[in-house]
Number of protein chains: 4
Amino acid sequence: MPETLIKVDLTKSAYENDMIHNRWHPDIPMVAWVNPGDDFIVETYDWTGGFIKNNDSADDVRDIDLSIVHFLSGPIGVKGAEPGDLLVVDLLDVGPKKESLWGFNGFFSKKNGGGFLTEHFPLAQKSIWDIKGLYTSSRHVPGVNFAGLVHPGLIGCLPDPKLLAKWNERETALIATNPTRVPPLANPPFAATTHAGQAKGDAKAKIAAEGARTVPPREHGGNCDIKDLSRGSKIYFPVYVPGGGLSMGDLHFSQGDGEITFCGAIEMAGWLHLKVEIIKDGVAKYGIKNPIFKPSPITPNYKDYLIFEGISVDEKGEQHYLDVHIAYRQACLNAIEYLKKFGYSGAQAYTILGVAPVQGHISGVVDIPNACATLYLPTEIFDFDIMPSSAGPIKHIKGGVDVSLSPDK
Amino acid sequence: MPETLIKVDLTKSAYENDMIHNRWHPDIPMVAWVNPGDDFIVETYDWTGGFIKNNDSADDVRDIDLSIVHFLSGPIGVKGAEPGDLLVVDLLDVGPKKESLWGFNGFFSKKNGGGFLTEHFPLAQKSIWDIKGLYTSSRHVPGVNFAGLVHPGLIGCLPDPKLLAKWNERETALIATNPTRVPPLANPPFAATTHAGQAKGDAKAKIAAEGARTVPPREHGGNCDIKDLSRGSKIYFPVYVPGGGLSMGDLHFSQGDGEITFCGAIEMAGWLHLKVEIIKDGVAKYGIKNPIFKPSPITPNYKDYLIFEGISVDEKGEQHYLDVHIAYRQACLNAIEYLKKFGYSGAQAYTILGVAPVQGHISGVVDIPNACATLYLPTEIFDFDIMPSSAGPIKHIKGGVDVSLSPDK
Amino acid sequence: MPETLIKVDLTKSAYENDMIHNRWHPDIPMVAWVNPGDDFIVETYDWTGGFIKNNDSADDVRDIDLSIVHFLSGPIGVKGAEPGDLLVVDLLDVGPKKESLWGFNGFFSKKNGGGFLTEHFPLAQKSIWDIKGLYTSSRHVPGVNFAGLVHPGLIGCLPDPKLLAKWNERETALIATNPTRVPPLANPPFAATTHAGQAKGDAKAKIAAEGARTVPPREHGGNCDIKDLSRGSKIYFPVYVPGGGLSMGDLHFSQGDGEITFCGAIEMAGWLHLKVEIIKDGVAKYGIKNPIFKPSPITPNYKDYLIFEGISVDEKGEQHYLDVHIAYRQACLNAIEYLKKFGYSGAQAYTILGVAPVQGHISGVVDIPNACATLYLPTEIFDFDIMPSSAGPIKHIKGGVDVSLSPDK
Amino acid sequence: MPETLIKVDLTKSAYENDMIHNRWHPDIPMVAWVNPGDDFIVETYDWTGGFIKNNDSADDVRDIDLSIVHFLSGPIGVKGAEPGDLLVVDLLDVGPKKESLWGFNGFFSKKNGGGFLTEHFPLAQKSIWDIKGLYTSSRHVPGVNFAGLVHPGLIGCLPDPKLLAKWNERETALIATNPTRVPPLANPPFAATTHAGQAKGDAKAKIAAEGARTVPPREHGGNCDIKDLSRGSKIYFPVYVPGGGLSMGDLHFSQGDGEITFCGAIEMAGWLHLKVEIIKDGVAKYGIKNPIFKPSPITPNYKDYLIFEGISVDEKGEQHYLDVHIAYRQACLNAIEYLKKFGYSGAQAYTILGVAPVQGHISGVVDIPNACATLYLPTEIFDFDIMPSSAGPIKHIKGGVDVSLSPDK
């Protein structure tokens with residue numbers, strides 16, 4: 001049995017576990033060292049460190065202090081890894097913690113984080129998803145049951161000081177363009193809730209002051225939320241500091257492309273079985289800027305889709321120039337409207353798009369002025385037939401249950 | 001053998017064929033009527049009506065007057081189709097014209113249309129792709145050979161006057177924000193090169209004056225350039241005028257998500273075998289705004305991918321807010337840089353991304369401030385192994401041939 | 001456009017076309033020569049040379065003289081191919097003749113050929129399948145519509161005299177064990193109906209006297225009836241005579257594993273687009289006895305199956321030792337019994353197993369005394385849900401039509 | 001966390017665990033009862049109960065007393081299940097025991113069980129396969145690494161007395177045709193090594209005297225060794241006794257169609273997570289004789305195959321009549337010969353065919369006198385390219401290691 005390098009106790013605060021951290025900084029001490037060729041287990045908290053509970057209230061989603069996320073396990077040093085190398089990581093397997101076979105999905109209040117459709121769903125909402133072997137279903141969203149495309153939402157190596165400075169600089173500049181926006185344009189370093197792992201004293205203070213927040217994906221990968229980076233895939237990460245410093249967390253049992261609900265996928269605590277290797281000087285050899293990866297040969301085979309199109313004309317009819325973000329939002333809204341005809345509430349439909357193995361494609365980005373985005377909804381996840389027919393849609397979902405909602409305070 | 005409703009003679013100008021048109025307008029006369037349940041053949045020109053030639057010069061790509069595109073076959077009326085219905089179209093098959101078993105791909109000059117990476121590839125370039133049965137390869141881009149995901153880039157029903165007015169209004173408003181931009185933000189109606197099909201006299205003049213250009217995708221579908229809307233798929237189009245008025249063209253032998261090179265996919269003349277049905281009042285029944293579709297059970301099974309990530313930090317390092325367009329551009333640039341390590345020129349690599357069955361996914365759109373887009377490059381289309389290894393990349397492509405280039409005049 | 005090397009006129013007898021032959025013999029003259037690297041078109045008759053008609057009577061299936069089959073197009077010589085080489089054949093595309101967009105399936109009478117389930121379906125029966133683009137359906141078998149896995153049932157190179165002698169010797173020996181059996185154990189050479197292509201005089205007489213019948217698959221490939229050897233696949237054939245002598249025919253629009261109805265798949269006239277190359281001395285290099293092949297990247301993606309098991313206990317309950325033939329027959333009978341619950345006649349169900357992209361797997365061949373075979377029935381080909389449920393099966397098929405039947409005379 | 005109904009301690013003999021049994025008999029007492037809708041965990045021994053060890057000697061494979069197999073976990077009663085019902089079993093997940101992340105494959109000596117190619121590999125041989133997450137590889141068979149298609153080789157419900165009698169009767173009759181054959185034609189009840197679960201006294205004696213051996217698949221399913229009955233699949237079992245009595249074991253991490261090496265797949269100890277439901281009177285409603293099943297949406301996506309053909313002419317050149325068993329043996333031998341060209345020993349090649357996700361198809365069973373069987377070898381499991389090329393095969397496997405061999409004593 002492979003060694004478990006990092007253990008997490010879900011009954012204790014993530015802040016008490018010194019193999020966890022929630023900022024990116026080169027000075028976070030390695031919590032373990034491995035050799036190239038080693039395989040080992042890493043356990044993780046859910047991204048909120050257990051703040052969100054398995055119940056029928058969205059109060060926790062509404063009230064969470066987002067400056068605490070994401071609680072990451074690591075960093076792990078790989079002997080011999082040097083800046084400019086590629087760290088090759090095999091995700092040999094990923095799964096939920098046995099004592100916690102459930103996950104959550106939610107929408108943040110527009111006042112506390114928001115989400116892709118926050119103008120349409122401005123309040124905190126939450127659904128709970130039970131995990132039964134390879135499958136998941138929810139008491140809050142009837143009529144769907146699907147196999148998970150389990151993956152870490154967040155994984156990457158520590159930045160070096162130069163890269164960290166670049167991140168902070170460019171994000172600060174963006175915030176400066178509209179510093180009072182709600183939700184904000186980006187999140188600057190924030191000391192109060194920093195978890196600096198095993199760093200102490202001055203080192204800890206420095207990390208708290210400078211540490212990049214873990215929310216956005218960046219050059220090193222990080223919070224990419226790529227559903228296809230799933231169990232069985234192989235990833236090539238740029239190395240910036242000696243040893244690499246691989247950290248990970250934010251495990252998802254399943255997620256649609258875009259993680260549109262932001263809070264987020266089916267979020268869970270879990271474990272990863274990893275193997276690491278090094279390609280010396282791989283960054284220059286292959287011209288790598290961001291991580292690249294090879295998807296798994298084992299993934300859910302859903303392939304019968306109903307596909308929704310969206311173009312870059314917004315909800316008010318205003319024309320935007322090749323804006324894929326708006327086009328994908330329209331495709332999502334079109335899919336939600338469609339699913340409502342079968343009896344789903346808007347929030348339930350939105351949830352399905354956030355958690356099911358939905359594909360979001362950039363279909364056209366040159367046909368001025370409209371971008372075209374497409375949302376691929378797998379039809380096989382539904383208990384009933386969702387294809388159009390002459391008979392019209394049947395209201396299979398009878399109401400009575402819905403995604404929990406907590407009004408703003 | 002099903003009837004060929006519309007024939008095209010590639011040796012003659014598309015302007016001489018009155019079953020062709022190149023604008024969207026409700027007054028374009030139906031060129032044929034069919035019954036629900038009928039299946040029939042429609043032939044099409046390539047989108048430029050034969051302007052681009054099978055040779056080794058990009059002069060035609062540089063010099064083309066883009067106000068002539070797209071030459072569409074239709075409109076075809078379906079008896080009994082009324083506004084508010086859904087027109088169900090089975091693409092029973094799609095293929096190239098037997099006498100024209102080749103296609104072209106190109107980049108427009110930045111001065112004449114541009115493209116997704118026009119800042120990086122500002123000059124007119126062209127490659128020719130030979131079609132051999134299910135496969136294609138190019139004398140200008142060695143080392144790749146793949147099965148086509150054949151599809152119409154453009155298909156849809158005629159707009160009604162109200163929808164047409166809305167299009168013209170919102171696009172005019174956008175142009176007004178920067179009317180001298182090169183390339184332009186959008187294309188307004190343009191009379192001189194209008195092909196109004198069988199309309200004559202005043203009707204023709206009205207179409208020329210008001211007819212929407214065919215470049216962007218819109219509510220009715222149109223130029224969606226969705227590669228998965230391929231042979232064997234089933235599409236549900238909103239009907240706006242009595243009879244529907246289905247038109248189509250811009251056939252592609254193969255295309256990557258985004259059609260990033262703009263000129264465009266592997267563009268070809270061809271034919272479609274279609275079947276039509278009607279779902280009465282389907283627009284309201286299913287809450288449809290844009291077309292929806294079910295992909296084909298027959299598509300190339302490429303599934304072994306190398307995946308490139310991009311985030312919404314641009315080439316200069318500037319931070320953008322959840323901008324998927326920029327993120328996908330970075331993923332494309334990352335893939336191009338990678339392929340160059342195997343000996344490809346930048347233009348060849350860009351071409352491959354434009355024409356091969358590349359997937360472009362919207363992977364993350366909520367992790368402020370970075371969107372994350374991913375480009376899925378099928379590894380099986382290459383004659384050699386493109387995966388990273390400790391040995392580093394091998395220069396399989398030896399140079400000597402390249403995509404043709406024509407400097408601006 | 002590639003050259004059509006062999007043309008067939010469906011209005012004329014195959015015996016009048018000297019580029020056709022219906023026996024295997026080294027002395028059949030090459031009808032055309034090509035170079036390695038060439039691609040070209042070959043047209044073919046259906047395997048019976050047009051004997052079976054598109055009508056609602058099975059008389060032709062009952063009355064056919066099976067000594068005439070199969071009518072093959074060829075042989076084609078490849079310059080430079082020598083005994084011991086591998087002839088690499090790319091099936092660039094395969095399709096039906098435009099003027100003949102239909103195919104037939106039937107069961108032979110037990111008195112004239114029989115079939116896999118001839119004890120259960122002892123009389124001649126026939127169904128007609130219409131080809132519409134990529135899809136097929138039948139007026140005799142309602143409720144199914146599927147994309148074809150188009151392929152040549154029969155393709156291979158000419159044997160040399162030694163190989164031919166071996167075939168005749170071993171098959172004659174088998175026949176001798178039960179020479180009066182109906183249907184026979186094998187078919188010996190038969191002069192009267194021989195079509196020797198362009199051979200004349202003594203050469204023709206020799207071919208008629210010695211030529212191996214085309215029914216069984218043999219070392220050279222031949223009548224393998226492998227559904228996955230479809231459009232887009234690549235085959236490596238052993239070469240026995242100078243030039244190889246590639247012949248082909250027996251095109252199928254679709255077929256299930258086993259071609260259990262014998263008459264046979266969805267049989268059609270059509271064409272193949274081929275490319276040929278040579279691997280010198282490939283037979284010894286790779287230790288090849290029978291052809292090997294690589295399947296197509298383009299095939300119907302049906303993957304949702306209902307799977308039936310069968311074991312080697314026969315219909316009377318008798319135990320057989322690891323007999324896969326009997327096990328597969330039980331799996332087929334189990335599937336037929338199941339489909340009858342939805343309203344199909346036994347003959348319709350049998351037909352579906354013969355023509356749809358059904359998989360037949362050898363699941364267990366070591367667990368004495370029972371072999372286990374499995375039949376994979378794709379659920380997506382049906383217009384209705386065929387999965388079991390608590391509600392029990394619904395009789396979607398209302399009767400009224402059936403596969404045509406002609407009693408023995 | 002679902003309840004673990006049956007636990008196994010791999011350090012203790014399976015005979016000491018009264019929730020295990022190794023014969024089929026209606027009188028074996030249920031070890032647990034569940035309700036329809038319940039999900040639960042069942043642990044299992046490997047099929048030999050731990051007799052085969054993780055070492056480099058095949059002595060254990062040579063010396064095993066095969067009358068002890070298979071050690072099954074169960075029977076489990078489902079409340080409300082009655083004869084004639086269908087028991088619907090969801091295999092929510094299946095995996096190896098954490099403390100035992102390895103499996104074995106072997107060939108039995110011809111004197112003790114034999115196997116599909118026992119004439120070619122008559123001696124006991126063994127290879128060990130390490131399980132790393134979703135993947136497996138072997139120190140005895142270099143150059144291959146693949147994702148497991150994890151499944152129970154054996155699962156089914158208890159027979160009723162009538163069915164049991166039928167089994168014993170027909171198998172005894174078969175044995176009587178050649179009672180001294182080595183290996184035997186079938187295995188009769190054998191008291192000495194019977195494990196009758198919780199039965200005691202007379203009941204135990206009766207089970208020992210009459211209990212059917214677990215080796216062959218039968219009407220109830222049982223030892224079907226179907227690789228596609230894998231994690232995530234759904235099975236419909238006939239119920240013969242009140243409560244059903246579901247038992248299972250013989251877990252495989254991976255197996256090729258046919259389980260040709262007999263000892264067997266990659267055999268392991270493990271666990272299953274199951275859910276059960278009942279379809280009342282389903283046997284008659286759906287005309288079920290053997291179990292039917294729906295495969296998993298999650299399976300390894302290997303789809304690039306090299307396919308080998310075999311026909312029913314045996315190794316000596318003798319012609320057999322439509323014998324799929326012989327045809328598949330030839331396809332296997334052809335594949336072995338091919339793989340030897342890349343440096344594998346025959347035993348290594350045979351092992352690969354036994355353990356990798358190889359497909360065995362019944363391609364033609366009507367073209368007298370030759371059956372055609374095909375073996376689909378996934379090319380992606382190899383570290384190197386196994387496709388043919390003009391350059392000829394490269395000896396990637398350098399020798400030095402081989403599958404362990406123990407001569408007969």
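Rings of Phe, Tyr and Trp (its six-membered ring) count as a pair if their centres lie within 6.5 Å. Keep that cut-off handy for the exercises below, and remember that this is a predicted model.

**Exercise 1. Classify the ring pair Trp129(A) and Phe146(A), and say which parts of chain A the pair ties together.**

Start with the overall search: over all chains, the whole structure gives 72 aromatic pairs. Now take this one. The ring centres of Trp129(A) and Phe146(A) are 5.8 Å apart and the planes make 50 degrees, so we call the pair tilted. That follows because planes under 30 degrees apart would be stacked and those over 60 edge-to-face.

Next, place the residues. Trp129(A) belongs to strand 8 (residues 124–132) of chain A and Phe146(A) to strand 10 (residues 146–147) of chain A, so the pair ties together parts 17 residues apart in sequence.

Last, check the burial, where the cut-off is under 20% relative accessible area. Trp129(A) has 0% relative accessibility, so it counts as buried. Phe146(A), at 1%, counts as buried too.

**Exercise 2. Do the same for Phe308(C) and Tyr338(C).**

Geometry first: the centres of the Phe308(C) and Tyr338(C) rings are 5.3 Å apart with planes at 70 degrees, so this pair is edge-to-face.

Then the location. Phe308(C) sits in strand 20 (residues 305–311) of chain C, while Tyr338(C) is in helix 5 (residues 324–340) of chain C, so parts 30 residues apart in sequence get tied together.

And burial: Phe308(C) counts as buried at 1% relative accessibility, and Tyr338(C) counts as buried at 0%.

**Exercise 3. Find the residues that ring pairs link into a cluster with Tyr286(A).**

Follow the ring pairs and you collect Phe308(B), Tyr338(B), Phe342(B), Tyr344(B), Phe382(B) and Phe384(B) along with Tyr286(A).

**Exercise 4. Which rings do Lys98(A) and Lys98(D) lie over?**

Take Lys98(A): it lies over the face of Trp271(D), 5.7 Å from the ring centre. Now go to Lys98(D), which lies over the face of Trp271(A) at 5.6 Å from the ring centre.

**Exercise 5. Work out the surroundings of strand 6 (residues 86–96) of chain B.**

Begin with cover: 11 of the 11 residues in strand 6 of chain B are buried, so the strand counts as mostly covered.

Then look at the partners. Strand 14 (residues 234–238) of chain B runs antiparallel to strand 6 of chain B, joined by five bridges. Strand 17 (residues 270–279) of chain B also pairs with strand 6 of chain B in the antiparallel sense, over 10 bridges.

Finish with Leu86(B): opposite this residue stand Pro238(B) in strand 14 of chain B and its bridge partner Ile279(B) in strand 17 of chain B.

Terms used
Residues numbered from 1 in each chain as written. Chains lettered and ligands numbered in written order. Predicted model: local features only at pLDDT ≥ 70, side-chain atom pairs only at ≥ 80, totals over all residues. Heavy atoms only, no water. Helix = DSSP H or I, 4+ residues; strand = E, 2+ residues; numbered from the N terminus. Buried < 20%, exposed > 50% of the residue type's maximum accessible area, 1.4 Å probe, protein only. Lys NZ or Arg CZ within 6 Å of the ring centre and 35° of its normal. Pairing = 2+ DSSP bridges.
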